[in-house]
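Visitor: I should like to understand how the labels attached to this model are justified. Please set each value against its criterion.

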Amino acid sequence: MNELKPCPFCGGEAFMRHLYSNYIVDAKHDDNCPMIFLSLPKDTHWVTRMAAETAWNRRAGEQDG
């Protein structure tokens, strides 16, 4: 497995959680991060660890590959 990128907003360390039959990625957000007040939507719950990691590490404007 590749390393998870930090939170794109605050740089907080990301980690993987297993929730029921799905995986989600969250981060240790700092107190001023806009993500600290948002719950993760259902479409961010992935069936595999690799899918969760790939989705989290994707950043707008980056090329695939």
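Visitor: Why is C33 called buried?

Guide: The model is a predicted one. C33 has a relative accessibility of 1%, and buried means under 20%, so C33 is counted as buried.

Visitor: What makes C10 partly exposed?

Guide: The relative accessible area of C10 is 24%. Buried requires under 20% and exposed requires over 50%; C10 meets neither condition and is therefore partly exposed.

Visitor: How do you know how many disulfides there are?

Guide: The sulfur of C10 has its closest cysteine sulfur in C33, at 3.7 Å. A disulfide needs two cysteine sulfur atoms within 2.5 Å, so the separation of 3.7 Å is too far for a bond. C33, for its part, is in no disulfide, the nearest cysteine sulfur being that of C10. By this rule the count is zero.

Visitor: Why is D26 called buried?

Guide: D26, a residue of strand 2, has 19% relative accessibility. The cut-off is under 20%, and D26 therefore counts as buried.

Visitor: Which side chains make polar contacts with that of D26, and what makes them qualify?

Guide: The side chain of D26 is joined to that of R17 by a polar contact of 3.4 Å, and to that of H29 by one of 3.2 Å. The distance criterion is a pair of N or O atoms within 3.5 Å; 3.4 Å satisfies that limit, as does 3.2 Å.

Visitor: What makes strand 1 and strand 2 a pair?

Guide: At least two bridges are required for pairing, and six join strand 1 (residues 14-19) to strand 2, so the two strands pair; they run antiparallel. A14, for example, has A27 in strand 2 as its bridge partner. The hairpin has two residues between the strands, and within this hairpin Y20 takes a positive phi near 55°.

Visitor: What makes strand 2 mostly covered?

Guide: Strand 2 spans residues 22-27, and five of its six residues are buried.

Visitor: Why is T44 called partly exposed, and where does T44 lie?

Guide: T44 is located in the loop between strand 2 and helix 1 (49-57). Its relative accessible area is 23%; partly exposed covers values between the limits of 20% and 50%, so T44 is placed in that class.

Visitor: Which residues does T44 contact, leaving aside its neighbours within four places in sequence?

Guide: With those neighbours left aside, T44 is in contact with Y23 and I24. T44 and V25 are 19 residues apart in sequence, with a C-alpha to C-alpha distance of 8.1 Å.

Technical notes. Residues numbered from 1 in each chain as written. Predicted model: local features only at pLDDT ≥ 70, side-chain atom pairs only at ≥ 80, totals over all residues. Heavy atoms only, no water. Buried < 20%, exposed > 50% of the residue type's maximum accessible area, 1.4 Å probe, protein only. Helix = DSSP H or I, 4+ residues; strand = E, 2+ residues; numbered from the N terminus. Contact = heavy atoms within 4.5 Å. Polar contact = N/O pair within 3.5 Å; in protein donor to acceptor, adjacent residues only side chain to side chain.
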